[in-house]
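Here is a short, friendly tour to read alongside the structure. It moves from strands to helices and then to the way the chains meet.

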There are 2 protein chains.
Amino acid sequence: MNKGLLIDLSGTIHVGKKLIPGALEAVRRLQKEGVPFRFVTNTSRETRALLHQELTELGLEVPVDYLFTAPMAVRRYLEQERLRPFLLINPNLEPDFAGLTRDDPNVVVVGYARHAFTYENMNRAFRLLMDGAPLIAIGKTRYYQAEDGLDLDTGPFVAALEYAADTKAYVMGKPSRQFFLAAADELGCPPEETVMIGDDADSDACGALAAGLSAVLVRTGKYRPADEEKAGCKGIVTAGDFGAAVEMILAGEVSC
Amino acid sequence: MNKGLLIDLSGTIHVGKKLIPGALEAVRRLQKEGVPFRFVTNTSRETRALLHQELTELGLEVPVDYLFTAPMAVRRYLEQERLRPFLLINPNLEPDFAGLTRDDPNVVVVGYARHAFTYENMNRAFRLLMDGAPLIAIGKTRYYQAEDGLDLDTGPFVAALEYAADTKAYVMGKPSRQFFLAAADELGCPPEETVMIGDDADSDACGALAAGLSAVLVRTGKYRPADEEKAGCKGIVTAGDFGAAVEMILAGEVSC
């Protein structure tokens, strides 16, 4: 087998609590054929463990370490660079960063902290930035749809710190090159032998192509007709849905 | 008397808890000569009453309504436009906004809220902005010098809301034209018969000139040599200090 797959979740495998038809069967086929794969997501709202539990409830039976999340990519980067983070994150995401050295922090990591976005925490992050610490953002999303309306996501608080300290955050997660390379590394495949499957032309497909991976854009989830033409890159291959994308890859129609 | 004075405080009348030499005497001279004047400041960290108390302790004996602050300008604007604000401010600034209608808010006002910059308050402001409410900022300062280090000021939280709702704040306070016009109006003088005295070439002098006032830049406080030449406007008159500026104006050397 000379290819591995990175698979987006929301819009590709499921939409909310509903699976995309045929997705479960296609995942089982990958398992049966022994194709290495991982699921990749930007979310920092919950731990990988909780996300895994929700997917299991949908019927997706994969080990927890098949989920590669932006917080994990950040963790991997922190370990590689031997950085000591000040974590401005939701306390319920803490388990994903357990065991890291955090005394005398020399980097600021901002995720979806929600109620932990206090003045004190923001000010502590700011002072570290003014002392020269770099700023890492777990995504820079403006807002998301909550049950009772729109809620602020990570992005505005990252923007606040960027403005305060006159700096630019290093944003981790799709579509960053670093994120795709870390995910491919996790998979154990070189980028040129890895295919990304997702429903976001820019974030999934163009991001993966720019990092040297192949990409298949599925026409489900947030996909809208001609997205692959409006995207900021050329050469996106599309498939009707995740099942069709898997068929296409197993049949060798996408070289990688 | 055909002129009125608007006077900056920090750097012009005092630096921290120390008066600029001769400033007290010059203020007394204005009172004796019957020249109308007001002090103008951007601060939203404390009420006008508390600021007044601090100035009184320095020996400056003026009525409280001689202080024209950015929060007051905002209040005046809200009243003129019959707007119902959601106030994201420090609770101890609340008295400066007492009596305004605040049910069913249709404008967001952000000042130096400090501990009131909670996720809930930021989110409430954000939702109002997404519903079309305009955003008013009481200044957009990045940070200020606190006793134990630098502390975040109003600006970063304004930047967060601007990023979240993809909007631009209407920033009130010096150097905004609206602010100088409101202060002159408070003084009861037309802009062309009003002189601004301050130590900030851009914020005080250029701002006032752009609003149609005259301006005298004092060479105290944050003033650095050639500030009047580096400034973003032409024709700034300078004086050694506040006392010299008052002499110059009373002698009629600055036409206004």
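In this predicted model, strands E6(B) and E7(B) run parallel and are joined by four bridges. E7(B) covers residues 107-110 of chain B, and its residue B:Val107 is the bridge partner of B:Pro85. From this pair of strands we can work outwards to the rest of the sheet, the helices and the other chain.

**The sheet of chain B**

- The open sheet of chain B has four strands, in the order E6-E7-E8-E11, with parallel pairing.
- Which strands sit at the edges in chain B? They are E6 (85-88) and E11 (170-172), each of which pairs on one side only.
- From one strand to the next, the twist in this sheet averages 25°.
- As a general reminder, strands of a sheet pair through backbone hydrogen bonds, in either a parallel or an antiparallel sense.

**The sheet of chain A**

- Chain A also has an open sheet of four strands, ordered E6-E7-E8-E11 and paired in parallel.
- Its edge strands are E6 (85-88) and E11 (170-172) of chain A; each has a single partner strand, so one side of each has no neighbour in the sheet.
- The twist from one strand to the next averages 25° here.
- E6(A) pairs with E7(A), residues 107-110, in the parallel sense over four bridges.
- Within that pairing, A:Leu88 stands opposite A:Val110 of E7(A).

**Helices H4 and H5 of chain B**

- H4(B) lies across three strands of chain B, namely E6, E7 and E8 (135-138), and runs at about 150° to E6(B).
- H4(B) also meets H5(B): their axes come within 10 Å and cross at roughly 45°.
- Why is H4(B) called oblique to H5(B)? The crossing angle of roughly 45° makes H4(B) oblique to H5(B), because it falls outside the ranges for roughly parallel (under 35 degrees), roughly perpendicular (65 to 115) and roughly antiparallel (over 145).
- The handedness of this crossing is right-handed.
- H4(B) brings B:Met122, B:Ala125, B:Phe126, B:Leu129 and B:Met130 to the contact, while H5(B) brings B:Phe157, B:Ala160, B:Leu161, B:Ala164 and B:Ala165.
- By class, this helix contact holds 10 nonpolar residues, with no polar and no charged ones.

**Where chain B touches chain A**

- Chain B gives 24 residues to the contact between the chains, and chain A gives 24 residues.
- On the side of chain B, the elements that supply two or more residues are H4 (119-130), E10 (149-152) and H5 (155-165).
- Which element gives the largest share of that side? H5(B) does, with eight residues.
- The residues on the side of chain B that touches chain A divide into 15 nonpolar, five polar and four charged.

**How the two copies are related**

- In general, two copies of a chain are related by a rotation about an axis and a shift along it.
- Here, a turn of 180° and a shift of 0.0 Å along the axis lay chain B on chain A with an RMSD of 0.0 Å.
- The two copies are therefore related as by a two-fold rotation axis.
- B:Ala160 comes closest to that axis among the residues of chain B, with its C-alpha at 2.4 Å; B:Ala160 is also one of the H5(B) residues in the contact with H4(B).
- Both copies use the same surface, as 100% of the contact residues of chain B recur in chain A.

Terms used
Residues are numbered from 1 along each chain as its sequence is written. Chains are lettered from A and ligands numbered from 1 in the order in which they are written. This is a predicted model: local features need pLDDT of at least 70, side-chain atom pairs count only at pLDDT 80 or more; totals for chains, interfaces and linings use all residues. Two residues are in contact if their C-beta atoms, placed from the backbone, lie within 7 Å. Ala, Val, Leu, Ile, Met, Phe, Trp, Tyr, Cys and Pro count as nonpolar, Asp, Glu, Lys and Arg as charged, and the others, Gly among them, as polar. Axes are lines fitted to C-alpha atoms, for helices over the stretch in contact, and angles run from 0 to 180 degrees between N-to-C directions. A crossing is left-handed if the near helix is turned anticlockwise from the far one by less than a right angle, and right-handed if clockwise. Two strands pair if DSSP finds at least two bridges between them. Copies are superposed by least squares on the C-alpha atoms of residues with pLDDT of at least 70 in both.
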